[in-house]
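Trainee: I'm new to this one, could you walk me through it?
Mentor: Gladly, let's put it on the screen and begin.

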Amino acid sequence: MIRDSIEIEIIKNANQPNIANPNRSDTPFINILNDFFSNFDFKQKKIMDLGPGHYDFFNLIDNKNKKNLYAIDKDQAVIKLGKYRKYSVTEGNLKNIHLKQNNKKFDLLFCKFSINAYWFYDDLLNHEKYIDYLASMVNSDGSAWIAPWNGIPKIIDIKENQKKIMDTINKQICFFEKNKFKTLYPSAKEIKRYGLSGNIINSPIFIKNLL
Ligand SMILES: C[S@@+](CC[C@H](N)C(=O)[O-])C[C@H]1O[C@@H](n2cnc3c(N)ncnc32)[C@H](O)[C@@H]1O
């Protein structure tokens with residue numbers, strides 16, 4: 001939720017039209033918190049949100065220590081909004097975070113609709129390393145909630161590449177499960193409830209130590 005006129009000015013320059021819209025609803029985040037985090041104690045926890053958009057997740061949780069709330073995004077407007085709210089925001093391309101390997105670990109890794117299996121369409125080895133790295137960002141007793149946005153880039157011919165397209169998302173599931181994540185397959189109703197609708201190939205939610 002965008003909270004004041006300064007935030008409206010900041011976020012209107014966002015690259016994605018849905019993020020530039022200051023009236024974007026935070027209801028999906030309220031639903032996610034109710035359904036997955038009702039027993040989760042956010043106080044004193046170090047939390048990372050990959051691709052935070054309007055930072056709705058941070059805005060709704062009970063954690064007053066903003067320095068413990070981390071985010072990575074590449075959009076200058078999103079970065080500016082996070083800094084305005086005094087979160088610990090880093091500029092970065094989520095496609096490459098595994099190459100930097102900064103070894104920071106979190107009590108909770110959250111990511112809604114900001115990573116894509118098709119970034120690694122031609123590079124299975126790198127895909128596996130990427131998901132291994134995401135898993136390594138979570139403390140041994142930490143938790144994770146990750147819902148990728150698995151949309152197909154326009155350069156991939158869908159008709160010609162059906163098998164490879166399916167292989168890519170199946171591998172994403174294998175790599176998360178290898179790292180002890182559980183895969184949830186939300187129903188059509190849940191997809192709507194959690195704000196996971198779109199032009200995407202599948203809608204898995206990968207979770208660890210939740211529920
Ligand atoms: C669809 S929005 C989702 C925002 C928020 N998580 C939500 O669900 O409302 C995707 C977010 O990820 C960021 N993002 C997309 N691709 C990225 C990339 N390659 N590197 C860094 N940030 C990226 C966007 O700037 C935006 O904040």
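Trainee: What radius of gyration would a compact globule with 211 residues have, and what does the chain have?
Mentor: Keep in mind that this is a predicted model. A compact globule with 211 residues would have a radius of gyration near 17 Å, and the chain has 17 Å, so the two agree. The C-alpha trace spans about 50 × 35 × 35 Å along its principal axes, and 31% of the 211 residues count as buried.

Trainee: And how many helices and strands are there?
Mentor: The chain has 9 helices and 7 strands. If you take the contacts between residues at least 6 apart in sequence, 66% of them join residues at least 24 apart.

Trainee: In what order do the strands sit in the sheet?
Mentor: The sheet is open, its 7 strands run in the order β3-β2-β1-β4-β5-β7-β6, and the pairing is mixed. At the edges stand β3 (88-91) and β6 (182-184), and each has a single partner strand, so one side of each is left without a neighbour in the sheet. On average, neighbouring strands of this sheet are turned by 20° against each other, with direction ignored.

Trainee: Does anything pack on it, and which strands does helix α5 touch?
Mentor: Helix α5, residues 76-84, packs on the sheet and touches β2 (69-73) and β3, and its direction makes about 160° with that of β3.

Trainee: Staying with that helix, is Leu81 buried or exposed?
Mentor: Leucine 81, which is found in helix α5, is buried, because 27 other C-beta atoms lie within 10 Å and 20 or more are enough to count as buried. Leaving aside neighbours within four places in sequence, leucine 81 is in contact with Glu7, Ile10, Ile11 and Tyr55. By contrast, take phenylalanine 106, which is 25 residues apart from leucine 81 along the chain: the C-alpha atoms of the two are separated by 22 Å.

Trainee: Back to the sheet, in what sense do β6 and β7 pair?
Mentor: Strand β6 and strand β7, the latter residues 205-208, pair in the antiparallel sense over 3 bridges, and lysine 182 stands opposite isoleucine 207 in β7. Strand β5 (residues 138-147) and β7 also pair in the antiparallel sense over 3 bridges, and there the bridge partner of isoleucine 146 is phenylalanine 206 in β7.

Trainee: What holds paired strands together in general?
Mentor: Strands of a sheet pair through backbone hydrogen bonds, and they can do so either parallel or antiparallel.

Trainee: New topic: which sign does phi have at Gln44?
Mentor: Glutamine 44 has a positive phi of about 65°, although this residue is not a glycine. For background, most residues other than glycine have a negative phi. Glutamine 44 is found in the loop between α3 (27-36) and β1 (47-50), and with 10 other C-beta atoms within 10 Å glutamine 44 is exposed.

Trainee: What about Lys180, and where does Lys180 lie?
Mentor: Lysine 180 has a positive phi of about 70°, again without being a glycine, and lies in the loop between α8 (162-178) and β6. Lysine 180 counts as exposed, because there are 11 C-beta neighbours inside 10 Å and the limit for exposed is 12 or fewer.

Trainee: Last thing, how many residues surround the ligand?
Mentor: There are 16 residues around the ligand, and the closest are Gly51, Gly53, Lys74, Asp75 and Ser114. The shell divides into 5 nonpolar, 5 polar and 6 charged residues.

How values were computed: Residues numbered from 1 in each chain as written. Predicted model: local features only at pLDDT ≥ 70, side-chain atom pairs only at ≥ 80, totals over all residues. Near = placed C-beta within 6 Å. Nonpolar A, V, L, I, M, F, W, Y, C, P; charged D, E, K, R; others polar. Pairing = 2+ DSSP bridges. Helix = DSSP H or I, 4+ residues; strand = E, 2+ residues; numbered from the N terminus. Axes fitted to C-alpha atoms, helices over the stretch in contact; angles between N-to-C directions. Contact = placed C-beta atoms within 7 Å. Rg over C-alpha atoms; globule rule 2.2 N^0.38 Å.
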